[in-house]
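Reader: I want a quick tour of this fold. Let us take it question by question.

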Amino acid sequence: MQHWSPLLFDSPFCTYFKSGVSEVYSLSASSHCTPKSADLPRNLNCVSSNDGGAVNLGESPKGTGVFITFEGCEGCGKTEQSKQLYAWLNEEFPEINVVRTREPGGSHGAEQIRSLLLTGEVSSWLPQSELLLFYAARYDHWVHTILPVLEKGGIVVCDRFFDSSNAYQGWGHGLPEKYFVWLDQLLNDENSGHPCVPDITYVLCIDPAVGLKRSQARLQAGRSLGNETEDRFERIDVDFHKRVQAGYEHILKNNPDRCVRVDASRSIEEIHRDIVEDVKKKVSRQGYKPSHKKS
Ligand code: TYD
């Protein structure tokens, strides 16, 4: 079994290690996370391309960074795409702090909440309790990990954010919209240099039944290797996942400036190429320049 274990979590330093393997990640006061390995484990907490000090604030004209999220139903391939985009951003903007993180998780407290949410019986939580746990994790993640990077002009790439709550707890479980309005307001009450809203969201769309099968097969393979399975949502029936996909369609329709539909039935390379083209356009609009390329 592999666990993220807190080594030291008193502020200002917070370090995680994965028992049995060598990758070590750190969260500093400004929550910049330092990778000690070039590749990321599937079970990542949070990794960053540089140590915070080297961020060139002048690269971001607005003084705020860029917040990019990946969304989609189970097995849509967003984790692979966020990895590839993270690698590309590091190449393209070596002087910018680029952080890759995930939800639920990405900070010490949120990682603890993650295991409550993703393991155990499907019926462990009432939809309302589940929603509050996702938002408790999100608030911690936002304040401790994401916001400090954005405020210093960094780029954050995050697997899932509030659209997941809307799609899963709102559309999947049928919770009313007013709950989300109130909870999103709570996140935005944190007086900050960046609104608690992604700048760009890629929604990877596939047939939810196909994605669910793909994801279940991956989990089964992990289980046979003795890995802990975070499969609480994969055990919910396919109709739930169809409602989640309908939720994403609704989100896409209502947020055309922020959300980009990505046909996830294509090859990993094709999808990555399209995402990079889109990011190039939008990030250069923010004023970032792909200068000082590594040779
Ligand atoms: P994860 O193992 O990260 O899977 P995935 O690769 O599909 O992202 O599990 C996250 C699960 O949590 C996923 O099934 C979606 C669900 N989820 C919600 O239901 N609401 C949320 O707000 C978030 C962030 C995730």
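Reader: How many helices and strands does the secondary structure come to?
Author: This is a predicted model. Its secondary structure mixes both kinds of element. The protein comes to eight helices and ten strands.

Reader: What share of the residues is buried?
Author: The protein has 295 residues. A residue counts as buried with 20 or more other C-beta atoms within 10 Å of its own. Buried residues make up 42%.

Reader: Among contacts between residues at least 6 apart in sequence, what share joins residues at least 24 apart?
Author: Take the contacts in the protein between residues at least 6 apart. Those that join residues at least 24 apart make up 74%.

Reader: Which residues have the most contacts inside the largest nonpolar core?
Author: The largest nonpolar core has 45 residues. Within that core, the most contacts belong to Val156, Val157 and Leu204.

Reader: What does Val157 touch, leaving out residues up to four places away in sequence?
Author: Residues up to four places away are not counted. Two of the partners are Ser82 and Arg100. The others that Val157 touches are Ile68, Leu85, Tyr86, Leu89 and Val98.

Reader: How many residues are in the second core?
Author: This core is separate. Its members include Leu117, Leu131, Phe134 and Ala137. The count is eight residues.

Reader: Which residues of helix H2 are buried?
Author: Helix H2 covers residues 108-118. Just after H2, Gly120 takes a positive phi of about 90 degrees. In H2 itself, the buried residues are His108, Ala110, Glu111, Ile113, Arg114 and Leu117.

Reader: Are H6 and H7 parallel or oblique to each other?
Author: Helix H6 spans residues 208-224 and helix H7 spans residues 238-254. Their axes come within 9 Å and cross at roughly 120 degrees. The crossing is right-handed. The angle lies outside 65 to 115 degrees and is not over 145, so the two helices are oblique.

Reader: How do the residues of the contact of H6 with H7 divide?
Author: H6 brings Pro208, Ala209 and Leu212. H7 brings Val238, His241, Lys242, Val244 and Gln245. The residues divide into five nonpolar, two polar and one charged.

Reader: Is Phe240 exposed, partly exposed or buried?
Author: Phe240 lies in helix H7. Phe240 and Trp171 are 69 residues apart in sequence and 8.3 Å apart in space, C-alpha to C-alpha. Buried needs 20 or more neighbours. Phe240 has 19 C-beta neighbours inside 10 Å, so Phe240 counts as partly exposed.

Key. Residues numbered from 1 in each chain as written. Predicted model: local features only at pLDDT ≥ 70, side-chain atom pairs only at ≥ 80, totals over all residues. Core = buried A, V, L, I, M, F, W, Y, C linked by C-beta atoms within 7 Å. Buried ≥ 20, exposed ≤ 12 C-beta atoms within 10 Å, placed from the backbone. Contact = placed C-beta atoms within 7 Å. Axes fitted to C-alpha atoms, helices over the stretch in contact; angles between N-to-C directions. Helix = DSSP H or I, 4+ residues; strand = E, 2+ residues; numbered from the N terminus. Parallel < 35°, antiparallel > 145°, perpendicular 65-115°, else oblique. Left-handed = near helix turned anticlockwise from the far one by under 90°. Nonpolar A, V, L, I, M, F, W, Y, C, P; charged D, E, K, R; others polar.
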